[in-house]
Every structure is written in structure tokens, then in C-alpha cells.
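The following exercises concern the structure shown below. Attempt each task before reading its solution.

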Amino acid sequence: QVQLVESGGGLVQAGGSLRLSCTASGRTLSNLQMGWFRQAPGKEREFVAAISRSGASTHYPDSVKGRFTISRDNAKNTVYLQMNSLKPEDTAIYYCAAQRATSASYDYWGQGTQVTVSS
């Protein structure tokens, strides 16, 4: 079992930056693909970023590409999401998730951290 805890959310003005962290306990993250998702009020959960187990491969939707960067430090069992040039539409609860190599979907989820971008 993996417990994921996100941190780093908060209130920021449009154009600002935040860095989210996701720290795991109970299992090493080094053999898990990691992802970030977000959910705004009244909207469905949205994929934000993913990173491969080694960190060599990353994926982003067009809505955040060029502004968000996912990274990982397996030695610290932590995954990061650097968010730059934030927009009010980035306001959401951000969730960290982990996927086992044998799974077709994400197996473990954090409790989320609120990000609010003011205009």
C-alpha cells in the first residue's frame, strides 16, 4: 500500500508560480509511474502530467504544456509539479497518483491540495 501526501498548494496571482510536492510512504516510488490530476468545482477530473518510473519520459495535455513541469526524486520518494505562468483556469484541487507497472490505471491517490489563481 502506498500513501501519497500532496503539499505546496495555495493562493497565487495570475502569472505566478507554485511548486507542488507529493511524498510517498509505505512503498518506494521508483517502480511506479506517477501523475498529477486536477479537478475544478463542477468539472470532471483532468489529467495534468505524468512521468515514467525512470523520469526519462513525461507527458502533458496541451492546456499546461510549456507551463507545467513534472519531475521526480526517487531518492526522496517525492514527485514535483512546477507550475509557472498560472492562469485563473488552473484553479482546482490537484491530486497526485501512482500507477503500478502491471496496472492499466492509477492505483493510489493522494488527498489533494488546493490551488487558487486569482485574476
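**Exercise 1.** Determine how many positive and negative side chains the protein chain of this predicted model has, and how far apart the centres of the two sets lie.

*Solution.* Count each set: the protein chain carries 12 positive side chains and 8 negative ones. Then compare the centres of the two sets, which are 6 Å apart.

**Exercise 2.** Describe the secondary structure of the protein chain, and explain why the chain is as compact as a globular protein of its length.

*Solution.* Begin with the elements: the protein chain contains 11 strands and 0 helices. In sequence order, the pattern is therefore written with strands, as β-β-β-β-β-β-β-β-β-β-β. Next, take the radius of gyration, which is 13 Å; the globule rule gives 14 Å for 119 residues, and because the two values are close, the chain is as compact as a globular protein of that length. The C-alpha trace spans about 40 × 25 × 25 Å along its principal axes. Finally, 45% of the 119 residues are buried.

**Exercise 3.** Identify the disulfide, state its handedness, and explain which parts of the protein chain the pair ties together.

*Solution.* The structure holds 1 disulfide. The sulfur atoms of cysteine 22 and cysteine 96 are 2.0 Å apart, within the 2.5 Å cut-off, so the two residues form a disulfide. Cysteine 22 belongs to strand E3 (residues 18-25) and cysteine 96 to strand E9 (residues 92-100), so the pair ties together parts 74 residues apart in sequence. The torsion about the S-S bond is about -75 degrees, and the disulfide is therefore left-handed. Both cysteine 22 and cysteine 96 are buried.

Technical notes. Residues are numbered from 1 along each chain as its sequence is written. This is a predicted model: local features need pLDDT of at least 70, side-chain atom pairs count only at pLDDT 80 or more; totals for chains, interfaces and linings use all residues. Side-chain values use heavy atoms; hydrogens and water are left out. Helices (H or I, at least four residues) and strands (E, at least two) are DSSP runs, numbered from the N terminus. The radius of gyration is taken over C-alpha atoms; the globule rule is 2.2 Å times the number of residues to the power 0.38. Buried means under 20% relative accessible area, exposed over 50%, partly exposed in between (1.4 Å probe, protein chains only). Lys and Arg count as positive and Asp and Glu as negative; His and the chain ends are not counted. The place of a charge is taken as NZ of Lys, CZ of Arg, CG of Asp or CD of Glu.
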